[in-house]
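Here is a reviewer's note for a student new to reading structures. Please keep the sequence and the model open while going through the points.

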Amino acid sequence: MAGNDGMGEGQKVDVLLENFGDSIHVVNGVVVMRLHHAQRIDGPAPAPLTSGQISLQTEGAEVFYRAMEIQPITAVPAEFAEK
C-alpha cells in the first residue's frame with residue numbers, strides 16, 4: 001500500500017449511497033464507516049439529503065484521485081451489507 005506521499009499504488013475507496021442519507025464507506029474492501037440519517041445543517045433547520053454537490057475533499061490536505069467512476073446501484077453488495 002502507498003504511504004502518505006501520494007506515490008505508489010494508492011487505496012481503493014468505495015462509497016455506497018442509499019436512501020438519501022445512508023452511506024457505507026469501504027477502503028480496500030473493508031467497511032470503515034456506516035452513516036445513517038445524514039442531514040444538511042446549512043439552513044434554518046436540519047433537512048434530509050435529497051440533492052446537492054458531491055464533495056471529494058474537505059479537509060484541506062493534498063489528495064490525488066485516479067480512475068473515478070460514479071455508477072448507479074440497485075442494492076448494496078452482500079459483502080458490504082450490515083450484519
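**Notes on the model**

1. Arg40 is partly exposed, because its relative accessibility is 34% and the partly exposed class lies between 20% and 50%. The model is a predicted one. The side chain of Arg40 meets that of Asp42 in a salt bridge, with 2.4 Å from N to O. Asp42 itself is exposed, at a relative accessible area of 58%.

2. How many salt bridges are there by this rule? The count is 2. Besides the pair just described, the side chains of Lys12 and Asp14 form a salt bridge at 3.7 Å, N to O. Lys12 counts as exposed, with 53% relative accessibility, whereas Asp14 is partly exposed at 25%. As general background, side chains of opposite charge can pair when their charged atoms come close.

3. Next, the sheet. Strands β1, β2 and β3 make up an open sheet of 3 strands in that order, with antiparallel pairing. The edge strands are β1 and β3, each of which pairs on one side only. From one strand to the next, the twist averages 15 degrees. In general, the strands of a sheet pair through backbone hydrogen bonds, and the pairing is either parallel or antiparallel.

4. The pairing of β1 with β2 can be followed residue by residue. Strand β1 covers residues 13-18 and is joined to β2 by 6 bridges, the two strands running antiparallel. One of the residues to look for is Glu18, whose bridge partner in β2 is Asp22. The two strands form a hairpin with 3 residues between them. In that turn, Asn19 has a positive phi of about 55 degrees.

5. On the other side, β2 is joined to strand β3 (residues 30-35) by 5 bridges, and this pair also runs antiparallel. Ile24 stands opposite Arg34 in β3, and Val26 stands opposite Val31 in β3. The hairpin of β2 and β3 has 2 residues between the strands, and Asn28 takes a positive phi near 50 degrees there.

6. Is Ser23 buried or exposed? Ser23 lies in strand β2, which spans residues 22-27. Ser23 counts as buried because its relative accessibility is 7%, and the cut-off for buried is under 20%. The side chain of Ser23 makes a polar contact with the side chain of His25 at 2.9 Å. With neighbours within four places in sequence left aside, Ser23 is in contact with Leu16, Leu17, Met33, Arg34 and Leu35. Of these residues, Leu16 and Leu17 fall within the range given for β1, and Met33, Arg34 and Leu35 within the range given for β3.

7. Asp22 deserves a separate look. Asp22 is found in strand β2 and is buried, yet has no salt bridge. Which side chain of opposite charge is nearest to Asp22, and how many Å away? That side chain belongs to Arg34, at 9.5 Å, whereas the salt-bridge rule asks for a nitrogen within 4 Å of a carboxyl oxygen. The side chain of Asp22 does reach the backbone nitrogen of His37, at 2.9 Å. Not counting residues up to four places away in sequence, Asp22 touches Leu16, Leu17, Leu35, His36 and His37.

8. His37 also has a backbone angle to check. Phi of His37 is positive, about 60 degrees, although the residue is not a glycine. His37 lies in the loop between β3 and β4, the latter being residues 39-40. His37 counts as exposed, because its relative accessibility is 66% and exposed means over 50%.

9. Ala67 is another residue other than glycine with a positive phi, in this case near 55 degrees. Ala67 lies in the segment after β5, a strand of residues 47-48. At 65% relative accessibility, Ala67 counts as exposed.

Notes:
Residues are numbered from 1 along each chain as its sequence is written. This is a predicted model: local features need pLDDT of at least 70, side-chain atom pairs count only at pLDDT 80 or more; totals for chains, interfaces and linings use all residues. Side-chain values use heavy atoms; hydrogens and water are left out. Helices (H or I, at least four residues) and strands (E, at least two) are DSSP runs, numbered from the N terminus. Buried means under 20% relative accessible area, exposed over 50%, partly exposed in between (1.4 Å probe, protein chains only). A polar contact is a pair of N or O atoms within 3.5 Å; within protein, one must be able to donate a hydrogen and the other to accept it, and residues adjacent in sequence count only if both atoms are side-chain atoms. Contact means heavy atoms within 4.5 Å. Two strands pair if DSSP finds at least two bridges between them. Axes are lines fitted to C-alpha atoms, for helices over the stretch in contact, and angles run from 0 to 180 degrees between N-to-C directions. Lys and Arg count as positive and Asp and Glu as negative; His and the chain ends are not counted.
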